[in-house]
There are 2 protein chains.
Amino acid sequence: MTTLWERSRQVAVQAILDTAVRLFAEQGYEQTTIAQIAREAEVSQRSLFRYFGTKEDLVCGDQEALGELLKRTVEQQPAEMSAWDALRAGFEVILTANHPPERALELSRLIFDTPSLHARYIEKRLRWQAELVPVIRARLGNGSGRPAPDTQAKAIVATVFACIDTATELWATHDGRIDLADLYDQCLAAVRDHS
Amino acid sequence: MTTLWERSRQVAVQAILDTAVRLFAEQGYEQTTIAQIAREAEVSQRSLFRYFGTKEDLVCGDQEALGELLKRTVEQQPAEMSAWDALRAGFEVILTANHPPERALELSRLIFDTPSLHARYIEKRLRWQAELVPVIRARLGNGSGRPAPDTQAKAIVATVFACIDTATELWATHDGRIDLADLYDQCLAAVRDHS
DNA sequence: GCATTTCTGGCAGTTAATGCCAAGTAGGCG
DNA sequence: CGCCTACTTGGCATTAACTGCCAGAAATGC
């Protein structure tokens, strides 16, 4: 622990986060101002912006860390595993590493119901996608080769995220009563199984 | 023509649009302010915001109309056509109905190079997706039925858009030298063909 | 032409976000 | 323990995207 600084900072961050999520749930995202959050969490507006660069980061801020985890997990899957299975393994790890399901559900609903938040969330996801493409391309048997391997990798990654997104949205609308991994498998099956 | 108002409005809108795209290309999206666009297009800032609700709409504003067209086209495909083929037909129509390829290329580059624009663009597209889901669900043979038809439809639509997005990005990075429809087919093949 | 409708422009205000500087606080060192 | 340095915090000013309001101009209908 590099110091007391870091600890009190953690405390402040947590207080801000709790206040923000509570206020967002109570009054909606757009109706809640940064000033109000800062006041109730007892920090200055200026510090709040130092901890969280933007208002949106209050909701989808810790995505960065998850993206790193996802990438590392996919990289570390055995080489003979298919791109699809490796990505699915990464997805699985993220699920277990996520927030307590109670809060995850609340955050998901907030994100899917608030256009500006949804956009920012997608933006972060696009960054993950870009980082995953080289990892997936390395895993593709460069045998067939008619579709350039880059095209293949991009399409696969984009599709997986589309399915994750779809599954998450369904999961949120069903109040978390259906298993998220099951929903993901159903989505992928709908796409990949030829009837 | 309901009036002279409508015509001069169209002129103003076009002037704003041209100015905006030119400035965005010259200096980048974030570095261009609304004030500058309004000044150079010779309209007041206030009117600019009346024509285009947000800065982002200057770039991806006319998506609404395309979404309508897409939906209608997909609906009108013969009933025995598969969901995949119907969506592909809709995509084809949009391609031809789009801007002159010169400007389309410029806009695509802008969107894919500017994270916040890209996110907003996808968000608008998500609205199309939601509208297409019932259309696609109606087209699914409700035979198999283990994955709820709604899940199936959502996943298929999301995947098709993911492939459109990927194809468009590749098309823009190749300066439009590769046929967009070909790229789309390659993306879909990478996803659907089991090797 | 004149009243009415509709649009435009300017102005003030709100909110998110950033830079700057002064003041405070923790950590290391004699 | 006291002091100096490094880092952090908070307040202030500023910018940029937007919104509401109102007065005035322009177009329309009679």
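# Exercises: two protein chains on two DNA strands

Across the interface of chain B and chain A, the rule finds 1 salt bridge. Keep in mind that we're working with a predicted model.

**Exercise 1. Find the residues whose side chains form the salt bridge, and then work out which helices make up chain B's side of the contact.**

Step 1. Start with the charged pair: the side chains of E169(B) and K154(A) meet at 3.8 Å, N to O. That passes, since the cut-off for a salt bridge is 4 Å.

Step 2. Now go through the helices. On the side of chain B that touches chain A, α8 (115-139), α9 (149-173) and α10 (180-192) each supply at least two residues. The largest share comes from α9(B), with 12 residues.

Step 3. Sort that side by residue type and you get 16 nonpolar, 8 polar and 6 charged.

**Exercise 2. Work out how much area is buried between chain B and chain A, and which three residues of chain B supply more of its part than any other three.**

Step 1. A quick reminder: the size of an interface is often given as the accessible area lost when the parts come together.

Step 2. Here about 2500 Å² is buried between the two chains, and carbon and sulfur atoms give 68% of that.

Step 3. On chain B, look at T151(B), V191(B) and R192(B): this trio supplies 19% of the area that chain B buries against chain A, more than any other three residues.

Step 4. For the head count, chain B puts 30 residues into the contact and chain A puts in 29. Residue pairs in polar contact between the chains, with both partners at pLDDT 80 or more, come to 4.

**Exercise 3. Decide what kind of axis relates the two chains, and why the copies can be said to meet through the same surface.**

Step 1. Superpose them. A turn of 180° with a shift of 0.5 Å along the axis lays chain B on chain A with an RMSD of 0.3 Å.

Step 2. Read off the symmetry: that's the relation of a two-fold axis.

Step 3. Check the interface residues. Of those in chain B, 97% are also interface residues in chain A, so the copies meet through the same surface.

**Exercise 4. Describe the protein surface near DNA strand C.**

Step 1. There are 17 residues around DNA strand C, and R46(A), K55(A), S47(B), R50(B) and Y51(B) come nearest. Sugar and phosphate make up 56% of the strand's atoms within 4 Å of the protein.

Step 2. Pick out side-chain contacts. R46(A) has a side-chain N or O atom 2.6 Å from a base oxygen, while a polar side-chain atom of S44(B) sits 3.1 Å from a phosphate oxygen.

Step 3. Assign the elements. α1 (4-27) and α3 (45-51) of chain A, plus α3 (45-51) of chain B, each supply at least two residues. The largest share, 4 residues, is from α3(B).

**Exercise 5. Do the job again for DNA strand D, and find which element gives the most to the surface near this strand.**

Step 1. DNA strand D is surrounded by 17 residues, the closest being S47(A), R50(A), Y51(A), R46(B) and K55(B).

Step 2. Go to the bases: the side chain of R50(A) places an N or O atom 2.7 Å from a base nitrogen, and R46(B) does so at 2.6 Å from a base oxygen. At the backbone, a polar side-chain atom of Y51(A) is 2.8 Å from a phosphate oxygen.

Step 3. Finish with the elements: α3(A) gives the most, with 4 residues.

Key. Residues numbered from 1 in each chain as written. Chains lettered and ligands numbered in written order. Predicted model: local features only at pLDDT ≥ 70, side-chain atom pairs only at ≥ 80, totals over all residues. Heavy atoms only, no water. Near = heavy atom within 4 Å. Polar contact = N/O pair within 3.5 Å; in protein donor to acceptor, adjacent residues only side chain to side chain. Contact = heavy atoms within 4.5 Å. Buried area = accessible area lost by both parts, 1.4 Å probe. Nonpolar A, V, L, I, M, F, W, Y, C, P; charged D, E, K, R; others polar. Least-squares fit on C-alpha atoms with pLDDT ≥ 70 in both.
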